[in-house]
Every structure is written in C-alpha cells, then in structure tokens.
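Let's look at this structure together and ask how each label is earned. Have the picture ready as you read.

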There are 2 protein chains.
Amino acid sequence: MEYEEMKDACPCQEVHTDLLDRVRAEMPDETSLYEAAELFRLFGDSTRIRILSVLSCAEVCVCDLSQTLNMTPSAISHQLKLLRQGKLVKCRREGKSIFYSLADDHVRTIIRQGLEHVEE
Amino acid sequence: MEYEEMKDACPCQEVHTDLLDRVRAEMPDETSLYEAAELFRLFGDSTRIRILSVLSCAEVCVCDLSQTLNMTPSAISHQLKLLRQGKLVKCRREGKSIFYSLADDHVRTIIRQGLEHVEE
DNA sequence: ACAACAATTGAACAAACGTTCAAATGTATT
DNA sequence: AATACATTTGAACGTTTGTTCAATTGTTGT
C-alpha cells in the first residue's frame, strides 16, 4: 500500500518502469550477489590481501607470514581463519608448523584483476 | 633487539629465508596492495554490490535504485558517495534527477569474476 | 516568491571489525 | 613426564561501518 503510493509519487517510475523490469530480469539473484559481496569483503582488508599476496608466490607457514608482514602470529591466525572459512586458502600441518597456500587459482586471478585496476 | 631474538627463536627463519626473500621480491608494493584492498572493500558490501550490479545493466537515477533495492534514497545516496569517491561510478544531472552509471568496464569485469567464483 | 520533489548531508546509533593479550592446543624433543 | 615452540582461541578493546532521521541543497513548475 505504502509502497504503491511511493511508486506513484515518483515521476521516474512512470518513465523507467520497463527499464527497471529489464534490470530486474537481468540481475543476478540476491543470494549470488550476497555471496560475491562476502567474497570481496575478504579481499577488502590490507592484512588479508597481503596474506593472499604472499600465498600467491609460495606456500608458507604462519611463522613466515608473521615475519614477512611484521604482525603477531595471533593477528595473522585470526585472519587466516576467516580466509579458511571463505575457502580462499587451505593448509596442511608439517610437524609443529602449519603451511598455508591458496585454495585455487581464482584467488590469484581476482587479486591480479584488482591490482590491474588500481595501477592505472 | 627483541626482533632479532624473535627471528632466532623461529626455526622456520633458518629454513625459509631464501623463500621469503623471493616472496618479498615478487610481491606487489604495499601501496598497490593497500589500494587494491580499498577497491575490494567497496565491492564487499551487499548494498554496494547490488547498486553496481544494477548499474551494470543500465544507467538509472537514485530514485530508481531506491525502488529497485527497496531502500531509502538516503541510504543509497550515502553508498553512492563512497562509490563515487572510489571512482567506480559516475553521474550526470538531468533536471531534478541524477543518473548514475559505471565509471568503466573494469567494474563490470570484477563483479563478473566474483560471481563466477561463487557460482561453483 | 513559493511549493514540490530528487538528492545530498551530518549527527547519532547499533552492529561488525581487527588487533591485542592471556590462555589453550597440538607436536616434537629430552 | 616435562619443556619448548607453532599455532589457535576467546574475551576485551577501540575503531570503522551502514542505516536512520532530520535538515539542507538544487531544480522544476506555478
């Protein structure tokens, strides 16, 4: 009811109704977009993208990450947990150390894409 | 001093020094990574990615966005401001309305990439 | 000049976030 | 069993974030 009134109140509505219908038809479903946002959110923090960037080069242990990025193992570990949950990285234990690597090549691609966009 | 001790305390260091040197050499510079993170952060919110997704289909006014996404013009406008600052969208005025569109094709590409990754 | 409308803005607020710290877990060494 | 070390975990903290609300700006029509 309210919504209908709002619709009428906006002159745009009259003009752009078919446009919006087309947009609605073409749009990816809400769930996919929500998941894509969740994915990008993981890349959207400098600590996490630096971790992923290191893992783009090599498989390394938490200790190495901690040294390379000059952050505490705890801070790194918390972020690794998020990256693991998001299926962006995988890990394997070797003695006391745990080695992390990218879960798949998509991750590398996405980072490259982002870097390409900013380096212009 | 403390840092040196930490270094010695970690057996990894001895083992992976050359690896880490190689990683450091290959890594993009801090600034690029930071900017890439900032870019991805913009895609990492469901409201913003939905806005961008609409703009991938068509140039629309704030009013249209507000209706399509079922959110207040104010909320939309706040997010559009961030997208404008990040150079992801551009706008032009036409009478009382302001029409938004994607700033360039990269944006479309990045969204597509993200969607591809989640739809698997 | 005034009313109507599209859009923007700033302050306020709750929710989500990232790091720190202390404690815990798991593995190898003695 | 006990120690040492790599990593993880949970609680706490200050900071950032997204939305709401009320007020404002800019444009059109009367």
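Q: What makes chain B and chain A partners in contact, and how many residues does each give?
A: Contact means heavy atoms within 4.5 Å. By that rule, 59 residues from chain B and 59 residues from chain A take part. Keep in mind that this is a predicted model, where local features need pLDDT of at least 70, side-chain atom pairs count only at pLDDT 80 or more, and totals for chains, interfaces and linings use all residues. Residues are numbered from 1 along each chain as its sequence is written, chains are lettered from A and ligands numbered from 1 in the order in which they are written, and side-chain values use heavy atoms, with hydrogens and water left out.

Q: How do you know which surface the copies meet through?
A: Of the interface residues of chain B, 100% are also interface residues in chain A, so the copies meet through the same surface.

Q: Why is the relation between the chains called a two-fold axis?
A: Two copies of a chain are related by a rotation about an axis and a shift along it. Here a turn of 180° and a shift of 0.0 Å along the axis lay chain B on chain A with an RMSD of 0.0 Å (least squares on the C-alpha atoms of residues with pLDDT of at least 70 in both). That is why we speak of a two-fold axis.

Q: What is the area that chain B and chain A bury between them?
A: Buried area is the accessible area (1.4 Å probe) that two parts lose on being put together, summed over both. For this pair the value is about 5200 Å², with 68% of it on carbon and sulfur atoms. B:F40, B:Q67 and B:H117 supply 14% of the area that chain B buries against chain A, more than any other three residues.

Q: What makes B:E30 and A:R50 a salt bridge?
A: The rule asks for a side-chain nitrogen of Lys or Arg within 4 Å of a carboxyl oxygen of Asp or Glu. The closest N and O atoms of B:E30 and A:R50 are 3.5 Å apart, so the pair meets the rule. B:R50 and A:E30 also form a salt bridge, at 3.6 Å. Across this interface the rule finds two salt bridges.

Q: How do you know how confident the predictor is in chain A?
A: Look at pLDDT, the predictor's confidence in each residue, from 0 to 100. Chain A has a mean of 89, and 88% of its residues reach 70 or more. Over residues 1-9 of chain A, though, the pLDDT is below 50.
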